[in-house]
Amino acid sequence: MVSQSKSPAHSFSLPGVTRLRSYQLTWLRGDVLAGVTVAAYLVPQCIAYAELADVPPIVGLWAILPPILIYALLGSSPQLSVGPESTTAVMTAAAIAPIAASDGSNYASLSSLLALLVGIACLVGAFARLGFLAELLSKPILIGYMAGVAVIMIIGQLGKISGISLEAESLFGQVQEFLSHFNQIHPPTLMLATCVLIFLLVVQRRFPNAPGPLLAVLLATAAVYLFHLEQRGIAVIGEIPAGLPHLAFPKGFSLPQMSYLISTAIGIALVGYSDNVLTARSFADRNRYRIDANQELLALGAVNIGTGIMQGFPVSSSGSRTAIGDSLGSRSQVFSLVAFVVVMLVLLFLRPLLALFPKAALGAIVIYAALRLIEIPEFNRLRRFKQSEFRLALITLLGVLATDILIGVGLAVGLSVIDLFARLMRPHDAVMGEVPNLPGLHDIDDWQGAKTIPGLVIYRYGAPLCFANAENFRQRAMNAIRAEPIRVQWFVLNTEAVVEIDITAADMLKELHRELTAQQITFAMARVKQDLYVQLKKAGLVDLMGQERIYPTLHTAIAAFHSATD
């Protein structure tokens with residue numbers, strides 16, 4: 001897999017061009033297979049998303065084309081499939097329905113304007129360097145998120161593989177409706193879907209390098225054609241509309257409409273970017289490359305502006321299409337370019353052929369891709385490593401399932417931030433001493449027989465000092481002094497982990513100095529880094545303690561202690 005380095009903090013780049021320049025021919029087979037299969041999947045999928053957005057079906061196909069080309073140049077992920085997806089489609093319909101209902105505005109024009117506004121919101125975020133917010137998405141969140149998305153993908157295919165028409169929109173509503181209509185299952189549809197899924201799993205196990213999903217598409221289409229399965233009640237994609245988009249800027253909207261759409265666009269941009277960066281990071285982590293969060297924000301903005309001026313609607317990334325591409329060995333955005341060519345061929349020439357593709361087989365392919373996203377070994381690894389990490393993954397999974405993707409991830413991010421602050425506020429600390437037959441200084445709690453140097457407390461605090469932990473530091477430092485059996489003469493703060501302080505911590509250190517001085521205890525510091533030294537000097541601590549009480553190493557501090565007390 002191509003290794004992606006982060007763009008410089010001051011500029012954006014064209015990662016797609018860089019990848020194409022270093023493209024390896026050995027990747028071509030996987031990219032072509034992934035591109036053809038993803039195209040066979042995304043054509044009917046995007047038609048369905050157009051219906052979700054309450055725009056003509058052809059608009060769903062138009063909304064595929066600009067994102068593929070633009071993201072192939074600007075995106076930092078070599079695997080992400082960008083284009084129409086269900087969440088932004090539903091949000092689009094919810095946003096434009098009130099306006100269209102009140103004044104009869106055209107849905108298609110409103111949706112393309114909304115896409116433009118979403119793109120502008122993303123670009124503003126990109127140039128404001130807000131991509132750093134993606135760093136709050138830790139590994140447990142990614143594992144739980146992808147598992148939750150996989151379950152949602154699987155539940156969403158129940159209607160296709162069973163032949164039952166499900167109208168519920170929520171996850172649990174779909175399950176409840178499916179169970180209540182269980183006696184309405186169409187046996188031929190379920191049998192076809194089961195055969196396709198078993199075929200995919202067997203091919204994956206026995207022939208891991210074979211293009212299983214593509215073979216499934218071809219075989220299922222051939223079965224419909226040869227045995228006239230559509231006449232036996234098995235649903236097929238059906239007629240695909242023709243036509244290509246043209247360049248057009250939305251216009252003629254009132255100020256109140258624009259104000260409403262701008263606020264809605266910000267919400268869609270937030271949801272779209274969260275989904276985009278989560279999916280991109282998840283596959284990057286699985287395949288050992290890196291993405292650039294700010295570059296992803298820029299790419300998503302450009303993609304939505306492109307689809308807006310080509311009469312589309314707001315788009316984001318698709319976890320299901322990305323998973324299908326990954327299962328076939330996609331290695332670069334060449335797979336998306338192949339999909340683009342196939343979509344163009346479908347729009348111009350191949351519509352009758354794809355019209356015979358059974359929806360049950362489509363559902364089976366999605367379920368197959370979803371199963372690959374649920375990484376049980378990773379959950380087990382988190383459980384063995386740290387229970388809090390395992391719980392965070394489970395909370396993300398359950399949050400995505402119980403609420404929706406954005407709220408579930410927001411809940412997990414909130415808990416992750418709380419955990420981060422807890423570690424900052426209550427970090428590990430240590431009183432350092434000498435261990436028999438072991439060079440250096442070590443935490444006396446970690447070694448049997450370890451002892452402090454009589455009269456000297458060397459104290460290490462494992463976090464930067466700030467308003468959140470200043471009082472905790474003071475109390476624990478004083479407790480370390482009180483715990484010494486011999487009267488303490490010197491207190492040396494080992495600052496190797498204290499890379500900076502804020503004004504609250506500076507005032508606390510001044511108070512600690514006064515408190516120790518009143519007890520006739522010398523306060524000194526060791527291993528002070530240059531940046532910390534500058535902050536100490538600006539706060540007046542260097543003058544208060546004396547330049548001679550700041551030491552470059554622990555050994556020089558110990559030598560000064562012995563010299564002063566002998």
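Helices (H or I, at least four residues) and strands (E, at least two) are DSSP runs, numbered from the N terminus. With that rule, histidine 228 sits in the loop between α11 (212–227) and α12. Hold that spot for later in the tour.

**Before you click**

This is a predicted model: local features need pLDDT of at least 70, side-chain atom pairs count only at pLDDT 80 or more, and totals for chains, interfaces and linings use all residues. Residues are numbered from 1 along each chain as its sequence is written, and side-chain values use heavy atoms, with hydrogens and water left out.

**The whole protein**

Start zoomed out. The protein has 24 helices and eight strands. Its C-alpha trace spans about 100 × 60 × 50 Å along the principal axes. Of the 566 residues, 52% are buried. Buried means under 20% relative accessible area, exposed means over 50%, and partly exposed lies in between (1.4 Å probe, protein chains only). Next, consider contacts, meaning heavy atoms within 4.5 Å. Among contacts with a separation of 6 or more, 81% join residues 24 or more positions apart.

**Stop 1: helix α16**

Select residues 359–371. This is helix α16, and alanine 370 is in it. Is alanine 370 buried or exposed? Alanine 370 is buried, because its relative accessible area is 0%. Show its surroundings. Alanine 370 touches Ala150, Met153 and Ile154, leaving out residues up to four places away in sequence. Now pick isoleucine 152. Its C-alpha atom is 8.8 Å from that of alanine 370, although the two are 218 residues apart along the chain.

**Stop 2: α10 against α16**

Two packed helices are described by the angle between their axes and the distance between the axes. Axes are lines fitted to C-alpha atoms, for helices over the stretch in contact, and angles run from 0 to 180 degrees between N-to-C directions.

Add helix α10, residues 187–206. At what angle do α10 and α16 pack? The angle is about 40 degrees, and the axes are 8 Å apart. The crossing of α10 past α16 is right-handed. A crossing is right-handed if the near helix is turned clockwise from the far one by less than a right angle, and left-handed if anticlockwise.

Now show side chains. On the α10 side, select Thr189, Leu192, Ala193, Val196, Leu197, Leu200, Leu201 and Gln204. They meet Ala360, Ala361, Ala364, Ile365, Ile367 and Tyr368 in α16. Colour by class: this contact has twelve nonpolar, two polar and no charged residues. Ala, Val, Leu, Ile, Met, Phe, Trp, Tyr, Cys and Pro count as nonpolar, Asp, Glu, Lys and Arg as charged, and the others, Gly among them, as polar.

**Stop 3: α14 against α16**

Keep α16 on screen and add helix α14, residues 319–327. The axes of α14 and α16 come within 9 Å and cross at roughly 75 degrees. The two helices are therefore roughly perpendicular to each other. (Angles under 35 degrees count as roughly parallel, over 145 as roughly antiparallel, 65 to 115 as roughly perpendicular and the rest as oblique.) Ser320, Ala323, Ile324 and Ser327 of α14 make the contact with Ile365, Tyr368 and Ala369 of α16. By class, it has five nonpolar, two polar and no charged residues.

**Stop 4: serine 318**

Step back to serine 318, in the loop between β2 (316–317) and α14. Serine 318 is buried, with a relative accessible area of 3%. A polar atom of its side chain lies 3.1 Å from the backbone nitrogen of arginine 321. Beyond its neighbours within four places in sequence, serine 318 is in contact with Gln45 and Ser81.

**Stop 5: asparagine 276**

Select helix α12, residues 255–287, and find asparagine 276. Asparagine 276 counts as buried because its relative accessibility is 1%. Which side chain does asparagine 276 join in a polar contact? The partner is glutamate 296, at 2.8 Å. A polar contact is a pair of N or O atoms within 3.5 Å; within protein, one must be able to donate a hydrogen and the other to accept it, and residues adjacent in sequence count only if both atoms are side-chain atoms. Not counting residues up to four places away, asparagine 276 touches Leu80, Val82, Glu296, Leu300, Ser316 and Ser317.

**Stop 6: two positive phi values**

Return to histidine 228. Histidine 228 is not a glycine, yet its phi is positive, about 50 degrees. It is partly exposed, with a relative accessible area of 40%.

End at asparagine 437, in the loop between β3 (429–435) and β4 (438–443). Its phi is also positive, near 65 degrees. Asparagine 437 counts as exposed, at 82% relative accessibility.
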